[in-house]
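Let's take a walk through this model together, starting at its ligand and ending with its cysteines. Have the viewer ready.

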Amino acid sequence: MILIMNKYIPLNIEPKWQKKWVEAGLYAIDLDKAKKRYYLLVEFPYSSGDLHIGHWFAFGVTDIFGRFKRMQGFDVFFPVGFDAFGLPAENAAIQRGLHPKDWTLKNVETMSKQFKMMGAIHDWEHQVITCLPEYYKWNQWIFLKMLERGIAYKGKTLSNWCPVDQTVLADEQVVNGKCDRCGSDIEQKEIEQWFLKITEYADRLLWTKEETDLDWPRAIRDGQNDWIGKKEGINISYKIEATSEKVEVFTTRPDTNFGATFIALAPEHPLVSKITKEDQKQAVDEYVKQAGKKSQLERQENREKTGVFTGSYAINDLTGYKMPIWISDFVLMGFGTGALVGVPGHDKRDFEFATKFDLEIIRVVVGKDGDSSPITRIEQVQEEQGVMINSSFLDGLDIHEAIRKIMNYIEEKGYGKRTVTYHLHDWSISRQRYWGTPIPIINCPSCGPVPVPYEDLPVELPYEVDHRPKGKPPLATAQQWMKVKCPKCNGDAQREPETMDGFVDNSWYFYRYLSPKNPDHIFDQALARKWIPIDIYFGGAEHTLGHTMYSRFFTKFFYDIGLTQNDEYALKRFNHGVILGPDGARMSKSRGNVVNPDKQVKNYGADAVRMYLAFIGPYDIVAPWNPGGIGGVYHFLQRVWMLQQKLDQAATLNNKDLKIIHKTIKKVGVDVENLKFNTAIASLMEWLNHLSRKEKISTEEYKTLLLLLAPFAPHITEELWQIVHSLDLGVGHKKAAKKLNWSIHQQSWPKFDNKYLEEETFSMPVQVNGKVRDVLLIKFDILNNRSVIEKKAKESAKIKKFLAGETVKKIVYIPGKIINIVI
Ligand code: ANZ
Ligand code: ZN
């Protein structure tokens with residue numbers, strides 16, 4: 001026996017291998033020369049301070065996948081970086097007197113150190129830190145490009161305004177109508193801001209059914225489509241009685257117009273002041289004031305309807321009906337025309353409003369249930385389908401047909417015009433903050449806003465500012481910095497003191513990863529051609545609407561200006577789960593439930609922590625952190641370690657051994673490919689149990705075990721690999737170490753041989769109209785489960801192509817032999 005039995009002590013091996021891997025440049029890849037590219041992206045972390053268990057979950061588990069892909073022969077690019085601008089840095093400045101820059105860069109340093117303890121294949125050479133001028137210069141560059149094309153523009157929008165802090169607040173910063181910082185009542189105020197015209201891309205951002213080349217979760221596609229909220233309808237104008245004014249409403253259901261009984265305006269609607277009658281004025285003013293205290297978000301919540309009558313009426317041209325004009329905060333100024341026509345019989349919100357204020361309810365649609373009685377209960381409100389009644393020339397038509405007919409009629413008569421509206425709004429990027437990208441604009445008293453010339457980029461953030469100014473953004477206090485000459489007239493001018501929303505930074509960082517140091521270009525176009533779209537993008541489900549959609553918008557813009565050749569940036573998106581705090585709530589510093597894994601790493605090793613995180617459940621699991629199970633995984637690794645004792649070159653493999661080897665190779669490979677890490681680990685454990693029962697194990701099976709385990713537990717497997725090799729080669733092992741492929745992480749993923757799996761599976765040809773189009777591996781134990789077999793056959797990607805748009809006439813299945821689908 002040549003083996004020296006060391007105990008498995010992770011701390012003795014993990015730092016050692018991490019160092020050796022870096023020295024050997026084991027994971028460095030040349031993006032330019034790489035042959036089989038695989039771009040693995042995980043949402044980069046915010047530079048918040050410490051790496052917590054959530055980061056390990058996001059990056060450690062995906063590293064398993066990356067390592068697996070490497071072993072399959074891919075050149076895996078797995079970069080890291082930091083989303084480094086943002087409010088917490090500024091709060092640290094305000095609360096603890098630390099400079100946001102110092103605070104952030106210190107955090108980056110700590111987190112990088114912690115990251116490296118994971119033993120991942122991260123490519124640090126391509127790191128990106130968004131708060132550095134070499135990065136944010138390109139935010140400014142993009143802004144100027146967008147400005148040139150009219151995609152960036154200055155406009156006004158109603159915003160939540162805190163009169164005490166003199167600042168705009170995001171919806172999340174408004175709590176019960178009050179500023180979350182100072183507690184004063186907020187107002188809705190028209191504020192000038194810089195916008196990005198994402199609405200110009202609304203149609204292109206819509207996911208269509210035909211998009212089959214992108215593998216994005218249904219929930220994201222639907223979520224984004226809902227958010228874009230494309231609606232085709234018509235704007236109808238109604239005369240206001242006894243005035244020369246008209247009120248224009250947007251409706252998707254003009255078919256119901258014979259049942260229209262009121263008009264409702266948003267409280268901010270410009271007509272309000274014009275048409276309010278004297279005796280209603282006081283009530284209206286008071287209502288408008290109260291509505292101003294609610295954020296737009298709060299107004300959309302389902303609450304009891306409120307409103308005030310203006311005293312004026314509009315005339316419905318179709319019926320001559322005098323519709324009272326009300327104002328109500330459930331009508332949003334930012335949607336349609338800011339006014340709606342109320343049809344209480346066929347819109348639930350209108351019904352609630354009408355019942356509350358005793359307005360008339362007229363039925364104009366009979367639904368599936370055949371109920372044509374007067375509508376008195378909300379359950380009777382038929383919104384989606386039915387046949388028209390009480391509607392003159394529309395009577396008897398299906399509502400969809402009626403919509404077309406009445407739209408034509410209204411357009412012919414000149415009462416209105418077809419239109420498309422979107423729920424999506426242009427993206428306001430102005431922030432009255434310090435720790436962000438300065439907007440590259442110079443405000444000149446004679447020329448107005450003038451773009452900073454490209455050659456003057458970046459506009460760097462000044463270091464010295466007052467972090468708590470009243471009534472102006474912090475940058476406005478940096479007087480030296482503010483003062484500039486106007487690039488147009490050379491007169492005295494001032495810089496734009498506002499900074500960009502942090503979502504600008506993270507909308508395109510994955511392009512910069514390709515060539516983070518390139519001083520002349522936003523990114524290397526040749527590399528982008530090769531590496532974009534990203535192969536797989538992991539991140540949190542909370543980014544359905546913001547980040548993942550903004551990134552699509554930026555990509556489409558890059559495409560339009562000829563920077564890239566793809567107008568989508570990721571082939572596949574996977575929303576990973578969330579590790580909650582031990583108390584079951586989302587981890588957050590303020591709750592004090594953030595778990596830092598350093599202690600566990602110290603006790604059990606990075607390998608055990610990574611593997612445990614992959615083992616706790618499916619990768620989209622949402623579960624509280626419970627370190628209780630790490631010990632079990634550690635014990636598993638310990639047993640793998642101890643198996644050395646049983647190594648025997650004379651050991652032979654019997655049929656049972658071979659079967660479990662090949663079964664496990666296959667199972668682990670399929671599972672990891674499908675991101676089912678937990679079940680992959682379970683089958684490794686099963687195999688280990690088999691091995692533990694044996695008296696001797698062969699080098700071959702031990703090596704295979706190590707290879708399968710290598711992506712999960714890279715350190716222990718490397719150590720054992722070296723030990724096995726020295727056993728293999730006797731005294732010459734030093735020579736082996738010098739050989740090119742010395743590391744286990746340079747080996748290929750083992751291949752399985754179907755021969756050993758034969759008893760469990762058989763190959764079943766799948767025919768379509770008598771021609772073999774695919775061959776499926778079927779387990780013997782489901783041989784007689786006809787419906788499962790049929791389903792499998794129909795779901796095969798190859799077969800689907802032939803079935804698309806066809807009707808299946810019959811399916812002939814001969815168990816254990818063949819299946820034929822007749823179309
Ligand atoms: C008349 C009508 C009758 C409507 C009916 C619906 C059903 P959806 O419903 O999601 O497609 N609307 C228009 N402008 C609005 C605003 N500024 N704030 C709040 N609601 C507004 O959205 C379109 C409908 O939303 C429009 O169609 C309008 O109500 C309402 F049986 O008009 B409808
Ligand atoms: Zn000027």
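Start with two strands: S11 (246-251) and S15 (339-342) each supply at least two residues of the shell around ligand 1. Keep in mind as you look that this is a predicted model. Of the strands, which gives the most to that shell? S15 does, with three residues.

Now widen the view to the whole shell, where 18 residues surround ligand 1. Those that come nearest are Lys 231, Thr 251, Leu 332, Phe 335 and His 346. Sorted by class, the shell holds nine nonpolar, five polar and four charged residues.

Next, zoom in on the backbone, which offers several polar partners to the ligand. A backbone N or O atom of Leu 332 sits 2.7 Å from a nitrogen atom of ligand 1, and a polar backbone atom of Phe 335 is 2.9 Å from a nitrogen atom of the ligand. For Thr 252, a backbone N or O atom lies 3.2 Å from an oxygen atom of ligand 1. How much of ligand 1 does the protein bury? Taken alone, ligand 1 exposes 620 Å², and the protein buries 87% of that.

Finally, turn to the cysteines. With a disulfide defined as two cysteine sulfur atoms within 2.5 Å, the count comes to zero. Cys 162 shows how this works out: the nearest cysteine sulfur, that of Cys 182, is 3.6 Å away, so Cys 162 is in no disulfide because the cut-off is 2.5 Å. Is Cys 162 buried or exposed? Cys 162 counts as buried because its relative accessibility is 0%. Cys 444 counts as buried too, at 6% relative accessibility.

Definitions and conventions:
Residues numbered from 1 in each chain as written. Chains lettered and ligands numbered in written order. Predicted model: local features only at pLDDT ≥ 70, side-chain atom pairs only at ≥ 80, totals over all residues. Heavy atoms only, no water. Buried < 20%, exposed > 50% of the residue type's maximum accessible area, 1.4 Å probe, protein only. Near = heavy atom within 4 Å. Polar contact = N/O pair within 3.5 Å; in protein donor to acceptor, adjacent residues only side chain to side chain. Areas by Shrake-Rupley, 256 points an atom, 1.4 Å probe, with all protein chains shown as cover. Helix = DSSP H or I, 4+ residues; strand = E, 2+ residues; numbered from the N terminus. Nonpolar A, V, L, I, M, F, W, Y, C, P; charged D, E, K, R; others polar.
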